[in-house]
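The following exercises are to be worked with the sequence and the structure in view. Each task is followed by a solution in steps.

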Amino acid sequence: MKLFLRAYARNKGAIAGIIVVLLVCLIAALASWVFPYSPWDMQGAPFQPPGDPDLWLGSDSLGRDVAAGIAYGARVSLLIGAVSTAAALCLGVTLGAIAGYASGALDDAIMRFTEFFQTVPSFILAIVLVAIFSPSLGSIVSAIAVVSWPPVTRVVRAEFLSLRSREFVQAAEVLGHSHTTIIWREILPNALAPVIVLASLMVANAILLESGLSFLGLGDPNLISWGYMIGAGRSVIRLAWWMSVFPGLAIFLTVLALNLVGEGLGDALNPRLARRR
Amino acid sequence: MSLLSVQDLTIALPPGADRPHAVAGVSFTLDPGEVLCIVGESGSGKSLSAAAIMGLLPPVLRRERGTIEFEGRDLLALSQTEMRAFRGARLGMIFQEPMTALNPLMRVGDQIAEVLAVHNAGGARDRVPELLAAVNLPDPTRLARAWPHLLSGGQRQRVMIAMALALEPTLLIADEPTTALDVTTQMQILRLIKDIQQRRGMGVLFITHDFGVVAEIADRVAVMQEGRIVEAGGTTQVLDAPEHPYTRALIAAVPHRMAAHIPAEGRPVLEVVGVRKTFRRGAGLFGGGTTVHAVADADFVLRKGETLGLVGESGSGKSTLARCVVRLVQPDEGAIRFHDTNLARLDRRGWKPFRKRIQMVFQDPFASLNPRRRVSEIIADGPIAAGTPRIEALHRVGELLSLVQLDPSAADRFPHEFSGGQRQRIGIARALAMDPELLIADEPVSALDVSVQAQVLDLLEELRQRLGLTMLFITHDLRVAAQICSRIAVMQHGRIVEQGETAQVFNTPRHPYTQSLLDSIPGRSWASPVTSLSRAAGEGWGGGNVTTNTAQPHQVTNP
């Protein structure tokens, strides 16, 4: 563990990334304490430029606090990012593990199914799914999960295929372990490294997808989100640039930070590749 | 003046390594027309010394002091450009892994011609067939147009030698050039190098870990241990009268004695009858692909308390056959009778009770232990899966570790904290935790250094006697087989071509393939000091008329 942390710390960008991610988490956690009012409520005059001590990121066309919107939006973004990634991982790891371990006809069937999802453009599919099931937190999370599991399946399957023929797995077979024990105890822990890296990038991608959906007006109507704020500020961008710029910056920084974290994790979990750089 | 003179060469390791210097104060000289062997175990710094001469040291390693003089010029003082003119033209090098040393996207002939073109030698293309012929490759003109993947390992190594010799260098550095090759191919390559060296009067710096190879090829020997040369001298002197304790230990560790087993007369534990296994390679959705007969009609009987050696070169099907016995591979045909049960007919559930009784030790100690589990879990997992209470299984771990001569405190550590030999002991402890009757050892020592190899072999032999194990021992190394097996079965192309008592197979081989295998044992004519003693006791294999107390030797010969 200590070794892992040291390898991770060697990547300066990854340190910056983790700091930004933790900061976003902190903002999300403290949102209701710093802004003890609903982000949908009017807090001052409309179109207040940033710099006002009460509305330091300005207010929007209905006089709502942009800073409060960003803080509450962080909750939504992180929640959707984490939950949809978790759901996609469950589905992707399970299918990938089965495909890689079973091989043969089952593997073929699962991989063709996966490819079917990969051929459909993911954002369009997400829009269609959310539009059909009406926008809500649940439907958005499910839609994002549905479009982001195929890469996980492919990675996990590849890991399983190579680990399967390793001698320690054969040894487990000779010791008489059941299939489930071999998958769970012998192979899966050794296949996790690339999945962890992939997961951090998937969270970033999920946040982007969610922002895209709310930008198009397909967000959960009861929850404020960064994408929705940009969408709302779009028509008045020449009048009130801060309405779109600050949520945009929030998305940009969070996604960049998560990508940096992913790269740092990749270096730390695969130190031989990192040193070559 | 000597051709190559290395004086006080010292190469520092990066801070935090297990010792300060990879190579410490190494000095040696090499005369034209001489073969100098540098012998040592892995990590002794022998390959780095060669890399330093070629100017191929990895960037993290730094030369602290010392000089390398070649034909009177200091190689270390040369610039990159000057060094490039030397490499290839005056200094040739052959590497260990012929499979990866050739560019897969270039025809063989073009690669050789490129070496000539780089050094501005005229008529590059015309000289290629001549060079290929010089390394005894058949049909050079056609072979020059072949792609590397079409060649066997031995052929590729010949091409590498042809490339190294293209500009007639005066010094050839060979870094374990035969380690990755089969024993019969190894002998051919050794003879080829020796032959070319004598014809051209080159100096050869030959790096190896195998004293048999040394006996075969060297004029002089330098033994390296932990970055230092501990002993150097003429081949006969070092091999027959080693002075340094490390050299003595290394030579004693070379498998050299014939096992003095009395062949078992007990009831058969394992009978393998007519087993076949065919693999289909590269078959896609629409058929096609090729079939490989990995095991074709194998029969053998393993009696209680004996060790049967399954010997063969790579691709002979010996590992597949062993994996059929433990159902890592499902045989296509034939019967595998363990006592009275035909294992080949059982399904996964039916197999379960036999998992306790048949265990396996694997080849690669670095791949055969799960890196994410502690040693205690690795060893106790099997018994727990077989129904032993967890507490009891964990309690036995300490006992098992001392059985394989490891400290019981090893239980709480992870596999990466151990050396290759120690890991192999953990692998053996894992197999023994099940109290098996039959132990299948698939090349258990071939990934280990020779001194560690000897320890593991001794351990296996001791355990076999103490626990009354029956063993199926798979190996490509005939010397190892001779030391540990009471009977030997020789496999070629998936068939068992000969089997019989070890002494009989070694002294009066009947099948031509067995004969060629025996002739290819490197250093067969060399009898190490210890061997001479045991031979006097009638246990050596060198003599023709060794009498053994054998029962009727039975033999399966395939025409």
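**Exercise 1. The open sheet of chain B**

In what order do the six strands of the open sheet in chain B lie, and is the pairing parallel, antiparallel or mixed?

Solution. The model is a predicted one.
Step 1. Reading across the sheet, the order is β16-β17-β18-β13-β19-β20 (chain B), and the pairing is mixed.
Step 2. The edges are formed by β16 and β20 (495-501) of chain B, each of which pairs on one side only.
Step 3. From one strand to the next, the twist averages 15 degrees.
Step 4. At one edge, β16(B) pairs with strand β17 (residues 438-442) of chain B in the parallel sense, over four bridges. Within this pair, Val361(B) has Ala441(B) as its bridge partner.
Step 5. At the other edge, strand β19 (residues 487-492) of chain B and β20(B) run antiparallel and are joined by six bridges. Here Gln492(B) stands opposite Arg495(B) of β20(B).

**Exercise 2. Helices on the sheet**

Determine which strands are touched by helix α12 (residues 318-325) of chain B and by helix α20 (residues 512-519) of chain B.

Solution.
Step 1. Helix α12(B) packs on the sheet and touches β13 (307-311), β17, β18 (470-475) and β19 of chain B. The direction of α12(B) makes about 150 degrees with that of β18(B).
Step 2. Helix α20(B) also packs on the sheet, touching β19 and β20 of chain B. The angle between the directions of α20(B) and β19(B) is about 105 degrees.

**Exercise 3. Side chains of an edge strand**

Which residues of β16(B) point one way, which point the other way, and are they buried or exposed?

Solution.
Step 1. In a regular strand, side chains alternate between the two faces of the sheet.
Step 2. In β16(B), Ile358(B) and Met360(B) point one way, while Gln359(B) and Val361(B) point the other way.
Step 3. All of these residues are buried.

**Exercise 4. The contact between the chains**

State how many residues each chain gives to the contact, and describe the side of chain B that touches chain A.

Solution.
Step 1. Chain B gives 21 residues and chain A gives 14 residues.
Step 2. On the side of chain B, the elements that give two or more residues are α13 (348-355), β16 (358-361) and α14 (375-385) of chain B.
Step 3. The most is given by α14(B), with three residues.
Step 4. By type, this side of chain B divides into ten nonpolar, five polar and six charged residues.

**Exercise 5. A covered helix**

How many of the nine residues of helix α1 (residues 46-54) of chain B are buried?

Solution.
Step 1. Seven of the nine are buried, and the helix is thus mostly covered.
Step 2. The buried residues of α1(B) include Lys46(B), Leu48(B), Ala50(B) and Ile53(B).
Step 3. Just after α1(B), Gly55(B) takes a positive phi of about 70 degrees.

**Exercise 6. Overall form and confidence**

Describe the fold of chain B as a whole, then decide where chain A should be read with caution.

Solution.
Step 1. Chain B has 21 helices and 20 strands. Its radius of gyration is 25 Å, close to the 24 Å that the globule rule gives for 559 residues, so chain B is as compact as a globular protein of that length.
Step 2. Buried residues make up 47% of the 559 residues in chain B.
Step 3. Chain A averages a pLDDT of 90, but confidence in this chain is lowest in helix α12 (residues 271-276) of chain A, at a mean of 53.
Step 4. Where pLDDT is low, the predicted coordinates should not be read in detail.

Definitions and conventions: Residues numbered from 1 in each chain as written. Chains lettered and ligands numbered in written order. Predicted model: local features only at pLDDT ≥ 70, side-chain atom pairs only at ≥ 80, totals over all residues. pLDDT = per-residue confidence, 0-100. Contact = placed C-beta atoms within 7 Å. Nonpolar A, V, L, I, M, F, W, Y, C, P; charged D, E, K, R; others polar. Buried ≥ 20, exposed ≤ 12 C-beta atoms within 10 Å, placed from the backbone. Pairing = 2+ DSSP bridges. Axes fitted to C-alpha atoms, helices over the stretch in contact; angles between N-to-C directions. Rg over C-alpha atoms; globule rule 2.2 N^0.38 Å.
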